[in-house]
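This briefing introduces one protein chain to a reader who has not seen it before. The sequence and the structure come first, and the notes follow by topic.

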Amino acid sequence: MTNSRQKGADFEREITNELKELGLDAQKVPLSGAVSNFEGDIWIKPSHDSEYRKNFPLPQLVLEAKRRKRGFKTIYDALEQGNGNDIVVARDDRKEAFYVLPKKTFYYFLEESGWLAKNEE
């Protein structure tokens, strides 16, 4: 049986490798979760500048990777509701709303914002 720390590290590597295969400058954060100056689990640096990037001057995207056996069932149910949804917006009382989107929607936004080179077919 895999312990939760190993399961989390494996998931971080899986996502990092997947993003690299897309051509993104992604890296697993060294000592993720163990050092306060290293936020998140995965960093994505922009592959190139684009017109969109001028209006979105983040030096990098910071991703927090979470994997659970069934801990996200409500979110999956919301994404699959009806004919399916592209984004789920959620908020606890007295907290800021957050957005959850499936991989295909995330990749679309990366491409449209210039973080990922457009796939010309």
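A salt bridge here is a side-chain nitrogen of Lys or Arg within 4 Å of a carboxyl oxygen of Asp or Glu. Asp86 and Lys104 form such a pair, with their closest N and O atoms 4.0 Å apart. Asp86 sits in the loop between α3 and β4 while Lys104 belongs to helix α4, so the pair ties together parts that are 18 residues apart in sequence. The model is a predicted one.

**Overall make-up**

- The protein has 121 residues, and buried residues make up 22% of them.
- Its secondary structure comes to four helices and five strands.
- Read from the N terminus, the order of elements is α-β-β-α-β-α-β-β-α.
- Among the contacts with a separation of 6 or more, 34% are between residues 24 or more positions apart.
- The exposed area is about 9,400 Å², and carbon and sulfur atoms supply 49% of it.

**The three-stranded sheet**

- Three strands form an open sheet in the order β1-β2-β3, and their pairing is antiparallel.
- β1 (25–28) and β3 (61–63) are the edge strands; each has a single partner strand, so one side of each has no neighbour in the sheet.
- From one strand to the next, the twist averages 20 degrees.
- Strands of a sheet pair through backbone hydrogen bonds.
- β1 is joined to β2 (residues 42–45) by four bridges.
- Within this pairing, Asp25 has Lys45 of β2 as its bridge partner, and Gln27 stands opposite Trp43 in β2.
- β2 is joined to β3 by three bridges, and Ile42 has Leu63 of β3 as its bridge partner.

**Helix α1 and its contacts**

- Helix α1 (residues 4–21) lies across β1, β2 and β3 and runs at about 170 degrees to β1.
- Phe11 is one of the residues of helix α1, and it counts as buried because its relative accessibility is 17%, below the 20% limit for that class.
- Leaving aside residues up to four places away in sequence, Phe11 touches Ala65, Lys66 and Arg67.
- Phe11 and Arg67 are 56 residues apart in sequence, yet their C-alpha atoms are 7.1 Å apart in space.

**Salt bridges**

- The structure holds six salt bridges, and three are described in this briefing, including the pair Asp86 and Lys104.
- Side chains of opposite charge can pair when their charged atoms come close.
- Asp86 is partly exposed at 46% relative accessibility, whereas Lys104 counts as exposed at 59%.
- Lys28 and Glu12 meet through their side chains at 3.0 Å, N to O.
- This pair links distant parts of the chain, with Lys28 in strand β1 and Glu12 in helix α1, 16 residues apart.
- Glu12 is buried, with a relative accessible area of 8%, while Lys28 is partly exposed at 27% relative accessibility.
- Lys73 forms a salt bridge with Asp77, and their closest N and O atoms are 2.6 Å apart.
- Both Lys73 and Asp77 belong to helix α3 (residues 73–80), where they are four residues apart, about one turn of the helix.
- An α-helix has 3.6 residues a turn, so residues three or four places apart point the same way.
- Lys73 is partly exposed at 40% relative accessibility, and Asp77 is partly exposed at 37%.

**Helix α4 and the nonpolar patch**

- Thr105, Tyr107 and Leu110 are buried in α4.
- The buried residues of α4 pack against α1 and β3.
- Phe109 also lies in helix α4 (residues 103–113), but Phe109 counts as partly exposed at 40% relative accessibility.
- On the surface, Ile87, Val89, Tyr99, Tyr108 and Phe109 form a nonpolar patch with about 510 Å² of accessible area together.

**Positive phi angles**

- Gly114, just after α4, takes a positive phi of about 90 degrees.
- Arg94 has a positive phi of about 60 degrees although it is not a glycine.
- Arg94 lies in the loop between β4 (88–90) and β5 (98–100), and it counts as exposed at 80% relative accessibility.

Conventions:
Residues are numbered from 1 along each chain as its sequence is written. This is a predicted model: local features need pLDDT of at least 70, side-chain atom pairs count only at pLDDT 80 or more; totals for chains, interfaces and linings use all residues. Side-chain values use heavy atoms; hydrogens and water are left out. Patches are made of residues with over 30% relative accessible area and no salt bridge: like charges are joined within 9 Å, nonpolar side chains (Val, Leu, Ile, Met, Phe, Trp, Tyr) within 5 Å. Accessible areas come from the Shrake-Rupley method with a 1.4 Å probe; for residues, only the protein chains shown count as cover. Helices (H or I, at least four residues) and strands (E, at least two) are DSSP runs, numbered from the N terminus. Buried means under 20% relative accessible area, exposed over 50%, partly exposed in between (1.4 Å probe, protein chains only). Two strands pair if DSSP finds at least two bridges between them. Axes are lines fitted to C-alpha atoms, for helices over the stretch in contact, and angles run from 0 to 180 degrees between N-to-C directions. Contact means heavy atoms within 4.5 Å.
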